[in-house]
Amino acid sequence: MQAFGLHPLLRLFLTLGVAAPGTGAAGAHAATAAAGSDPYAWLENIDSPRALAWVRSQDEATARRLRSQPDYAGLYRDALAVLNSASRLPEIDPHDPDLYNDWKDAAHPRGIYRRTTIDQIRRADPAWQTVIDFDRLSAAEHRRWSFAFARWEYPEEKRLLVGLSLAGGDAGAVREFDSRTLNFVPGGFALPVAKNRVAWDGPDAIWVGTDFGPGTLSAAGYPLLVKRWQRGTALADAATVLRASPGSVETAALQLVGDGPDITLLQENTDFYRRRIFLYRNGGLTRLQVPPRTVPVGNFRGRLVLVVKDNWTVAGRPIPSGSILIADTAALTGGPGAIQLVLAESPSWVIDRVRVTRQGILVSGLHDVSGRLARLVPDDGGWRREDIPLPDQGTISLMGSDYASGDLWLRFETFTTPPALYLVPGGSTQAQRIRAEAPTFDGSRFETAQYWATSADGTRIPYYVVGPKNLQWNGRNPVWMFAYGGFEISVTPTYSGSYEELNGAYGKLWLERGGVFVLANLRGGGEFGPAWHEAALRERHVRAFEDFEAVARDIEARGLTSPAHLGIEGRSNGGLLVASTMLRHPELYGAVVCGNPLLDMKRYTHLFAGASWIAEYGDPDRPDDWAYLRRYSPYQNVRPGMRLPPILFYTTTRDDRVHPGHARKMAAKMEAMGYAVDYVENTEGGHHGSVTHAELATRLASTYTFLWEHLR
């Protein structure tokens, strides 16, 4: 789940979709609530001996079967080598004077938080200093810690709040850390494992959201309170500044720092996309008069930078959805001031990410699912767009930026060229290539082409095909097709094919062995702006399935492949996609890989973070919504006697966002009906699926062994 990217100085208190209830009592309660009508409800009780025995049995059976295949050993070896490659591109987070990075390798399976300098990063083999070693911390404390986030205090940037994920889950601990002493601060801010949300408010206070007791969490398990915690006082004495209504999803706080006055905003997210935004000033709150899907993204010279996702009229002038605005805060609270359009969405500029610096507003965007980059600067009372050239048919990922200098660090990659690190100096329109990953497969052997299919309602749906330069369109190519189609998430050309950072694993494990890759860009995503997403919301979500099916039929009609050779994969919302379309049109596919999926759409709002996604899917407890959800909910629609392709499910015991009960119950139900089912469940890893590279390599080797077995 994804929102607009934030400038490093924006102290993000909460990001939608990153926490959920705990796994013990909640799992037991969920199973009890579902009992009576669902014979597999006991599998929702995550840590019960009976459920864990079932998981072990399924894991062992699948491991024995897949590891006996001739492909498995080589696939695992190659996957682990790719994931542990020393040349992997570091994710750069600049904090004067150093560059920070979260890193895992063979020597640090749980990871380290480390730093280097700008001079070192330009070298072939930069020297890094370890800041936090999570393997050592885990061993010392007998807890399975890994890095979750770092929130830096500005402007000193000497202290930070470090999020410690437990077993890879969304929930974790928070501790204050000193970057000078390289130690956690004795007596500093600290929170135990929970669904913690934190942000700085100056050097001696933080904003806190957590489980403060009964009535302080939403139905989705997110904090409903924002408190201000002053250093030297007890958390229990922290003052409540915002209390959301019980029906809302969560609360958030943003500290936006720039050249002008700081801007502190508190938010009440009434659903996954809509929010009430309040300006915090002098201890009081004033609501901003903005459309409900407005996203604050920065502070430029004391003025608020916003992305609006609703059509809005300001002073008689229409502002289209998907635009960037800048406004005086007074103008948004009923007083005098200006609201100005900075960049309007257009077919050639679908706004993706935004960073604000002293020099201007940096924005990455999409044109036909290909990355664009520009800086927006004030000019004669208006704004001028300065394009920053980068290659075509690639993905631009904004990493971090330095507010004072305006320097921007970014990553650029394509399906066949490994990620490269670029620096765009403040005020410049030239991207300097700093370093690149060593190739993990021979990209020169392959080429990328974009095609368009026509969906059931006539909408044109783009998709990419990555295959050998001498590709034979003979209907027999083994094809792995990936898609997502939800939550306004754009799936763009990456060196890993999907949205996971896999360092080219698909090229080594699939392309070089003779496979072809297809990436489908479905409605429900954000590839063409808010309207593309809205087209597949709630009762219209089936359009994402129709789009996917249109691509499957199109690649068959063009002669790329045939159903017996077409394997499909989706994760999370994409798991719902592939399971639903498998049941709708099993004749289109030869194999299905379904990862960390939503599958029981009758129960999803009662399982962990599911209640926060009602705005995306609908509420199954309302008869009108269930009337359309029940038509595609995989768990309710699988029946005996269907001619279904073989399916591999994977999930994690510690996924505290999408409950593992979805995959468990579907696998058990299908197996009882006699279908070919493989099942893999990692014991840790959260919704991201794994903590260590060894765990991830096991999943990748299992997935590609399964695909090769069924699609040759």
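In the predicted model, the 76 positive and 78 negative charges of the protein chain have mean positions that lie 2 Å apart. The accessible surface over the protein chain amounts to about 24900 Å², and carbon and sulfur atoms contribute 49% of that area.

With regard to overall architecture, the protein chain contains 14 helices and 40 strands. Its radius of gyration is 24 Å, which is close to the 27 Å given by the globule rule for 712 residues, and the protein chain is therefore as compact as a globular protein of that length. Along the principal axes, the C-alpha atoms of the protein chain occupy a box of roughly 65 × 55 × 55 Å. Of the 712 residues in the protein chain, 64% are buried. Among the contacts in the protein chain with a separation of 6 or more, 60% are made between residues that stand 24 or more positions apart.

At the level of a single residue, Ser-702 was examined with respect to its place in the secondary structure, its accessibility and its contacts. Ser-702 is situated in helix H14, which comprises residues 693-711. The relative accessibility of Ser-702 is 6%, and this residue therefore counts as buried, the cut-off for that class being under 20% relative accessible area. When residues up to four places away in sequence are set aside, Ser-702 is in contact with Leu-66, Tyr-72, Leu-648 and Val-680.

Notes:
Residues are numbered from 1 along each chain as its sequence is written. This is a predicted model: local features need pLDDT of at least 70, side-chain atom pairs count only at pLDDT 80 or more; totals for chains, interfaces and linings use all residues. Side-chain values use heavy atoms; hydrogens and water are left out. Helices (H or I, at least four residues) and strands (E, at least two) are DSSP runs, numbered from the N terminus. The radius of gyration is taken over C-alpha atoms; the globule rule is 2.2 Å times the number of residues to the power 0.38. Buried means under 20% relative accessible area, exposed over 50%, partly exposed in between (1.4 Å probe, protein chains only). Contact means heavy atoms within 4.5 Å. Accessible areas come from the Shrake-Rupley method with a 1.4 Å probe; for residues, only the protein chains shown count as cover. Lys and Arg count as positive and Asp and Glu as negative; His and the chain ends are not counted. The place of a charge is taken as NZ of Lys, CZ of Arg, CG of Asp or CD of Glu.
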